[in-house]
Amino acid sequence: MTPVPAPYDGLVPYVSSSGRSRRRGDGRLTHDLDPQEKGPQDACGVFGVWAPGEDVAKLTYFGLYALQHRGQESAGIAVSNGRQILVYKDMGLVSQVFDETTLESLKGHLAIGHSRYSTTGASTWQNAQPTFRPTADGSIALGHNGNLINTHELAEMVDALPGPDDELELHTRPQEPSTNDTSLVTALFAHHPDTSLEQRALEVLPLLRGAFSFVWMNEDTLYAARDPQGIRPLVLGRLDRGWVVASEDAALATIGASVVREVEPGEMIAIDEQGLRSHKFAEPARKGCVFEYVYLARPDATISGRSVHQARVEMGRELARQFPVEADLVMPVPESGTPAAAGYAEESGIPFGQGFVKNAYVGRTFIQPSQTLRQLGIRLKLNALEHMVRGKRLVVVDDSIVRGNTQRAQVRMLREAGALEVHVRISSPPVKWPCFYGIDFATRAELIANGLDGDEIAASVGADSLGYISLEGMIAATGQPASSLCQACFTGEYPVALPDESLLGKHLLEATLSSPTLGKALPVLNNP
């Protein structure tokens, strides 16, 4: 799937990928295998680098590889050589989408990358990012981590733009239109006939509502911006010969970049041959997502000066103080429960050990287990280590409970392996509200904590006892003031006011596919 040269003369952008309906797998376990046990899904990962003289495509590849935990549905990289932008994207993991040959063909001094988990728009090739828009004033490619809540309003704004007369015509094969909020922002940014992209972005950014950490580019400049609440993380780093922006500082460490600082809430930065420029497009009102500390971010990330790993260990210690129990072994649900389980063991003095073995690879990725296989108790994700749990009283530590299906299966598995008692401890409070800022939780009706109290949930999952950390205990572990954290999934208090329920939803734009807005979907070009 090597990108072919652009069949155009002059300053013309070009976008390439397969666009075919195909599903490759490397055997890695995905949530598609058992949708009934699907937990909270990650936000996306974004990465950008401006570094003349460096292999920016490979830097972006390794940056995205470090951010793979934030999104596993699709991946893409856009590169500019100063004359045109080449975009390559496909469905799958970063290591599935890109190979050595493809990366060698992506030459330039400037690149952005994206790994996606869908929160607006279906998981399709058309919605993979970076998005791309060519115009007579130059092209734009954009990647987005977060989720906007005024998508309907943005769609109307795109409808009101002049027709595509000022847009370069790419002779493409017919494609289904993209149906995500990112494409709408890209269209709004791209329309700047009387001003620069930089100035146009400063006009559009204050109109956006919800969570966004953007990276975008034209032929010669790298841009990044973060919403006024700073709900999703975004950090700025320095290379010897350039600059980097990424969702988490772990991605900077992976490529050998040093951390400079966080991109501030309400800040836009621009990086080109003249250096780095910073603009404040809105007053900051910090409300960082507390679930980044609980689950989303890598343990080796640092957010707002607080080590994520240290925060999770402290959550475990606090759990032990709030919900002590006599037991023989503290064990995590891998991998998300491991730091908190270590903290619980340290505080309680109960030995720490592994009671589950995690199956990372399970043959063919996209084979669905039949109902019969489900009833036989097929164990795709975890197996119990019988010699560790037999005859023991267990404390099982996990990060959250969503529907309860996963915990129910785990408790049953441990009892079948001979556990005498199973005490479940959760390092976040009960999840009772959906997230509209970039995490794909279950619907409110599906959240088990909405219909049952703690004792009832314990009975439902088959545990001898259940303890959720208190909201105050979790927040204290982050080292951040409660006033600077979004806690909406636990409290229902949304820091950015939500529109009418009819104007929300992952598939809002698919539902209005006949809208002329979606007729303006950005063009893409297939490989022959």
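Isoleucine 426 of strand E22 has tyrosine 468 as its bridge partner in strand E23 (residues 465-468). E22 and E23 run parallel and are joined by four bridges; two strands count as paired if DSSP finds at least two bridges between them. Strands (E, at least two residues) and helices (H or I, at least four) are DSSP runs, numbered from the N terminus. The model is predicted, with local features requiring pLDDT of at least 70 and side-chain atom pairs pLDDT 80 or more, whereas totals for chains, interfaces and linings use all residues. Residues are numbered from 1 along each chain as its sequence is written, and side-chain values use heavy atoms, without hydrogens and water.

E22 (residues 421-426) also pairs with strand E21 (residues 393-398), in the parallel sense over six bridges. Here aspartate 398 stands opposite isoleucine 426. The chain passes from E21 through helix H13 to E22 in a right-handed β-α-β crossover: with the strands pointing away from the viewer, the path from the first strand over the helix to the second runs clockwise. Five of the six residues of E22 are buried, that is, under 20% relative accessible area (exposed is over 50%, partly exposed in between; 1.4 Å probe, protein chains only).

In H13, the buried residues include Val411, Met413 and Leu414. Just after H13, glycine 418 takes a positive phi of about 105°.

Elsewhere, an open sheet of six strands follows the order E6-E7-E8-E9-E13-E14 with antiparallel pairing. Its edge strands are E6 (131-133) and E14 (275-280), because each pairs on one side only. Within this sheet, four bridges join E9 (residues 222-226) to E13 (residues 267-272), and tyrosine 223 has alanine 270 in E13 as its bridge partner.
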